[in-house]
Amino acid sequence: MTVTAEPTVTEDEPSGGAAADRRAGQAAGQGAGQGVRSRSQHQRRKRIVQAAAALASRGGIEAMQMRTVAERAGVALGTLYRYFPSKMDLVVAVVSEEIDLLERSIERRPPRGGSAAERTVEVLMRATRGLMREPELAEALIRSLLLSDVKTDFSERMTNLMLRAAVGPTGDIPADDRRRVVARALSSVWTMEMIEMLRGQATAEVIQSRLEISADRLLTD
């Protein structure tokens, strides 16, 4: 008769549910560790972007030297380059942060104009006032849009903000829809008007008047 030996179970190798529980615990611990690292990385990235924005607000793009940004953010220069391979990548991140602020502001307090054109202009003027609180930073951001070869979604995000203000949710508006084309054109007009303002060649009142005319002509069928 053949005798089959019973498998030996030791304290180091729990069997059945105990082993499964241990593996699940290890996986949960790894997941928690990854979550902590992810939050830490997010906080570090945010600290870098805030440092860059603070420097740009005082001296424009020229003040955003990578080593200076790293020192102000309290990170190693190599760490900074891992997050942002070039200075323009960092500038684009600052631009994105400014749009985030504008989006949150508009969500909290949506435009109340009676027409699509009025609501669209309100979005653009709120963006103008927000940027012009820090003229050096505004100039740095506008210059980055004109000179950078780094891909940015600035125009698309501004277009979507205007469309939401003008006609509501934008998910079902295709790229070739006249409304999207018009909103993108207004975004370009606004960028050029910002340049005029930064050069001291136009006031906020003049810019608003021009945008109202442009929006009324473009958004009225």
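What pattern does the chain follow, read along the sequence? In this predicted model, the chain follows the pattern α-α-α-α-α-α-α-α-α. The chain thus described has nine helices and zero strands.

**Chain as a whole**

The chain holds 221 residues, and buried residues make up 37% of them. Its accessible surface comes to about 13200 Å², with 50% of that area belonging to carbon and sulfur atoms. Among the contacts with a separation of 6 or more, 64% are accounted for by residues 24 or more positions apart.

**Annotated segment**

An unreviewed UniProt entry lists residues 65–84 as "DNA-binding region". In the model, this stretch is 75% helix and 0% strand. The C-alpha atoms at the ends of residues 65–84 are 12 Å apart.

**Largest pocket**

The largest pocket contains about 400 Å³ of space. Its lining is formed by 21 residues, of which Glu 98, Ala 127, Gly 130, Leu 131 and Arg 133 are the closest to the centre. Two or more lining residues are given by each of helix 4 (87–108), helix 5 (116–132), helix 6 (135–147) and helix 7 (154–167). Helix 4 supplies the largest share of the lining, six residues. Sorted by class, the lining has 13 nonpolar, two polar and six charged residues.

**Two residues in their surroundings**

Leu 55 is found in helix 1, which spans residues 16–59. Leu 55 counts as buried because its relative accessibility is 13%, and the limit for that class is under 20%. Beyond its neighbours within four places in sequence, Leu 55 is in contact with Gly 60, Ala 63, Met 64, Thr 68, Val 69 and Arg 72.

Ala 185 has its place in helix 8, residues 178–198. With a relative accessibility of 33%, Ala 185 falls between the limits of 20% and 50% and therefore counts as partly exposed.

For each of these residues, a pairing with a residue elsewhere in the sequence is listed below.

| Residue pair | Separation in sequence | C-alpha to C-alpha distance |
|---|---|---|
| Leu 55 and Glu 136 | 81 residues | 9.3 Å |
| Ala 185 and Ser 214 | 29 residues | 9.6 Å |

Leu 55 of helix 1 is thus placed 9.3 Å from Glu 136, C-alpha to C-alpha, across 81 residues of sequence. For Ala 185 of helix 8, the partner is Ser 214, at 9.6 Å by C-alpha atoms and 29 residues away in sequence.

Methods:
Residues are numbered from 1 along each chain as its sequence is written. This is a predicted model: local features need pLDDT of at least 70, side-chain atom pairs count only at pLDDT 80 or more; totals for chains, interfaces and linings use all residues. Side-chain values use heavy atoms; hydrogens and water are left out. On a 1 Å grid over the protein atoms alone, a cavity is a set of points where a 1.4 Å probe fits but cannot get out, and a pocket is an open set with protein on both sides within 12 Å along at least five of seven lines; lining residues have an atom within 4 Å of a point. Grid points are joined across faces, edges and corners, and a volume is the space filled by probe spheres set on the points. Helices (H or I, at least four residues) and strands (E, at least two) are DSSP runs, numbered from the N terminus. Ala, Val, Leu, Ile, Met, Phe, Trp, Tyr, Cys and Pro count as nonpolar, Asp, Glu, Lys and Arg as charged, and the others, Gly among them, as polar. Buried means under 20% relative accessible area, exposed over 50%, partly exposed in between (1.4 Å probe, protein chains only). Contact means heavy atoms within 4.5 Å. Accessible areas come from the Shrake-Rupley method with a 1.4 Å probe; for residues, only the protein chains shown count as cover. UniProt positions are given in the numbering used here, feature names are shortened, and annotations may be inferred rather than shown by experiment.
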